[in-house]
Amino acid sequence: MSAPRAFDFTGDIAIVTGAGSRMDGEIGNGRATAILLARAGAKVALLDFNVDWANETKRMIDEEGGVSHVIKTDVTDEESCKAAVARTVEIFGAVHCLVNIVGVGGAIGDATVVNLEAWERDFRLNVTSMVLMARYAIPEMRKQGRGSIVNMSSVSGSDRRLHAVLGGNPSLLYPTTKGAIIQMTRAMAAQHGQENIRVNCVCPGMVFTPMTRGRGMTDEMRQARINQNLMKKEGTGWDVGYAILFLSSKEAGWITGLIMPVDGGVSPTRPPPSFLRFFFESSLLSVCSYLAMTDFLRVANCCAQTTAGKADRPALKADTLAEDITGIKNEN
Ligand SMILES: NC(=O)c1ccc[n+]([C@@H]2O[C@H](COP(=O)([O-])OP(=O)(O)OC[C@H]3O[C@@H](n4cnc5c(N)ncnc54)[C@H](O)[C@@H]3O)[C@@H](O)[C@H]2O)c1
């Protein structure tokens, strides 16, 4: 008898929100995740507001012999989330995995200028939508005695070393919502751990996906984004998708509450201000100064090439996806 294959999702039913991609035929985080789950044997419910974009994902899955079904869903609408979960159960019989991908750059500017209507729209889109999906997926997972939820955050909302919110973005909305997703993930993991429902989170770095590339990214900006990681290598939706595949798998069955960076090593290069302050203010200064300075120089060297964590970094053009759908302007 052969040993069981690892990362086999045969018999598992997965829901992926934002399973489409805003660029024809291109690979975003949601599309890559859906394809990889289907490739591993899962039956995948492809939830998206834009049915054409999700159908393109289904076409790609069909081509590989995978099983999926498109369900038109607005994840900001509770009834729509409820109906999408019910439809998934109707078609495939159960729900084991939920991957909450939907999110936008959205509302622009700092607290003094941000359009509060857009702020509330995007808080609902980036954060509340994940609660709404979980509200209806978790009861189905309970029936199966197990479940996995993976939420999409960003390095804009996290820091690998401190596991705290760093901020540093020209807009207040994006890092605030992505930071909220991290803490929500931890809280949900604590609430549902004893039910054998795991809740984890991925924090992609500057991956080259349709969400960013269509927004006026020059070759220089693209190279600067690549330079921010330790590997000097560009990340893609596939890199993010594989991390989500792992976290959703039975092999990750003892992993919950994890905030996983997928960033080629961007986050460890950021200066941890409180950490350095500790060294400089501490009575151990003389002992530690050499170590602190070498660490500082290493960090400063990396940060000389990076715009991560800086509020005045050159911004991409606004992400108008939510503006286009709702008619609410990103800016006042
Ligand atoms: N590209 C990056 O560098 C990067 C980095 C970190 C995190 N992310 C995160 O990745 C996610 C975007 O993933 P992607 O690359 O697949 O993006 P994408 O923009 O190509 O796809 C997003 C999909 O979500 C759908 N959608 C939007 N609003 C919806 C709604 N109300 N209901 C249902 N579906 C809706 C869209 O129709 C689209 O198909 C976001 O959460 C973003 O914050 C991206």
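These are my notes on the ligand shell, strand β6 and the nonpolar cores.

**Setup.** The model is predicted: local features need pLDDT of at least 70, side-chain atom pairs count only at pLDDT 80 or more, and totals for chains, interfaces and linings use all residues. Residue numbers run from 1 along each chain as its sequence is written.

**Ligand.** I looked up who sits around the ligand, taking a residue as near if its C-beta atom, placed from the backbone, lies within 6 Å. There are 32 such residues, and Gly18, Gly20, Gly28, Gly103 and Ser154 come nearest. I get 13 nonpolar, 15 polar and 4 charged residues in the shell, with Ala, Val, Leu, Ile, Met, Phe, Trp, Tyr, Cys and Pro as nonpolar, Asp, Glu, Lys and Arg as charged, and the others, Gly among them, as polar.

**Strand β6.** Next I checked β6 (strands are DSSP E runs of at least two residues, numbered from the N terminus). Is β6 buried or exposed? I find 8 of the 8 residues in 197–204 buried, so the strand is largely enclosed by the rest of the structure. Buried means 20 or more other C-beta atoms within 10 Å of a residue's own, C-beta atoms being placed from the backbone. Ile197, Val199, Cys201 and Cys203 cover one side, and Arg198, Asn200, Val202 and Pro204 the other. That fits the rule that side chains in a regular strand alternate between the two faces of the sheet.

I then looked at pairing (at least two DSSP bridges). β6 runs parallel to β5 over 6 bridges, with Cys201 as the bridge partner of Asn151. β6 also pairs in the parallel sense with β7, over 4 bridges, where Val202 stands opposite Met260.

Methods. A residue is buried if 20 or more other C-beta atoms lie within 10 Å of its own, exposed if 12 or fewer, and partly exposed in between; C-beta atoms are placed from the backbone.
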